[in-house]
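Dear colleague,

I am passing on the structure below, together with notes on what came out of the analysis. Please read the notes with the structure open beside them.

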Amino acid sequence: MKIQHAFRNYEIKKKMTAAARIKYSFLTWKMRKDFLNMRRQAIKIQAVFRGFQVRRQYHKILWSVGVLEKAILRWRFKRKGLRGLQINTAEEVAQRSQESDTEEGFFRDCRKQAEERVVKAVVRVQTLFRSKKAQQEYRRMKLAHDMAKLEYENLRGLPSDMDACRH
C-alpha cells in the first residue's frame with residue numbers, strides 16, 4: 001500500500017510538473033504575442049505621426065521655395081524684388097508726400113511683412129541645403145536611385161539576351 005501510494009504521488013507530481021510547464025509555455029507565448037502586437041501598433045502610430053510631421057515640414061519648404069520663386073520672377077520680369085518695392089524717382093517722392101500718412105503706414109507695414117516673409121523663406125531654404133544631414137540624405141537617395149537605375153537597365157537587357165538564347 002505504501003509503495004502504491006508513493007507511486008501515485010510520484011505520478012501526480014509528474015503530471016502537475018508537466019501541467020505547470022505547459023501553462024508556463026502558453027502564458028509566455030501569449031504574453032509575447034500581445035507584446036509584439038502592441039509594439040507593431042506603436043510603430044504604426046509613430047510612423048503615421050512622423051509622416052504627418054514630415055508632410056507639414058515639406059509644405060513649409062514648398063511655401064518658402066514658392067515665395068522665393070515669385071520674388072525671383074518678379075525681379076527678372078519687372079526688375080522688382082516684391083510688389084511695391086522699386087527705386088523711387090523724384091516725381092514719385094513728390095506724389096508720396098501728397099498721400100495720407102495712414103496709407104503710407106499701411107503700405108510700409110505690408111512691404112515690411114513681405115520682406116520678412118522672403119527673409120524667412122530664404123533662411124529656411126538655405127538651412128535645408130546647408131545642413132550636413134540633408135546633404136547626406138541627398139547623397140544616399142542619389143546613390144539608391146543610381147543603383148536602381150543600373151539594376152533596371154540590367155533587367156531590361158536580360159530578357160532580350162534570354163530570348164536570343166531560346167531561339
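How many helices and how many strands does the secondary structure of the protein come to? In this model, which is a predicted one, the count comes to four helices and zero strands, and when the protein is read along the sequence these elements follow the pattern α-α-α-α.

Turning to burial and surface, buried residues account for 8% of the 167 residues in the protein, while the area that the protein exposes is about 15800 Å², of which carbon and sulfur atoms supply 61%. If one takes the contacts between residues at least 6 apart in sequence, 61% of them join residues that are at least 24 apart.

The largest nonpolar core consists of five residues in all, namely V67, L68, V118, A121 and V125. Two elements, helix 1 (2-78) and helix 3 (101-130), each give two or more residues to this core, and it is helix 3 that gives the most, with three residues.

On the surface, there is a nonpolar patch of about 330 Å², which is made by F26, L27 and W29. L27 is found in helix 1, and because its relative accessible area is 39%, which lies between the 20% limit for buried and the 50% limit for exposed, L27 is described as partly exposed. F26, another member of this patch, is likewise partly exposed, with a relative accessible area of 46%.

The aromatic rings deserve a separate paragraph, since the count comes to two aromatic pairs. In one of them, F26 and W29 form a tilted pair, with 5.9 Å from centre to centre and 35° between the planes; both residues lie in helix 1, three residues apart, which is about one turn of the helix. In the other, F49 and F52 form a pair that is also tilted, with 6.4 Å from centre to centre and 35° between the planes. Why are F49 and F52 separated by about one helical turn? The reason is that they are three residues apart in helix 1. As for their exposure, F49 counts as partly exposed because its relative accessibility is 47%, and F52 counts as partly exposed because its relative accessibility is 41%.

As you go through the structure, you may like to start with the core residues V67, L68, V118, A121 and V125, and then turn to the patch made by F26, L27 and W29.

With best wishes

Note on methods:
Residues numbered from 1 in each chain as written. Predicted model: local features only at pLDDT ≥ 70, side-chain atom pairs only at ≥ 80, totals over all residues. Heavy atoms only, no water. Buried < 20%, exposed > 50% of the residue type's maximum accessible area, 1.4 Å probe, protein only. Contact = heavy atoms within 4.5 Å. Areas by Shrake-Rupley, 256 points an atom, 1.4 Å probe, with all protein chains shown as cover. Core = buried A, V, L, I, M, F, W, Y, C linked by side-chain atoms within 4.5 Å. Patch = residues over 30% accessible without salt bridge, like charges linked within 9 Å, V, L, I, M, F, W, Y side chains within 5 Å. Salt bridge = Lys/Arg side-chain N within 4 Å of Asp/Glu carboxyl O. Phe/Tyr/Trp six-rings, centres within 6.5 Å; stacked < 30°, edge-to-face > 60°.
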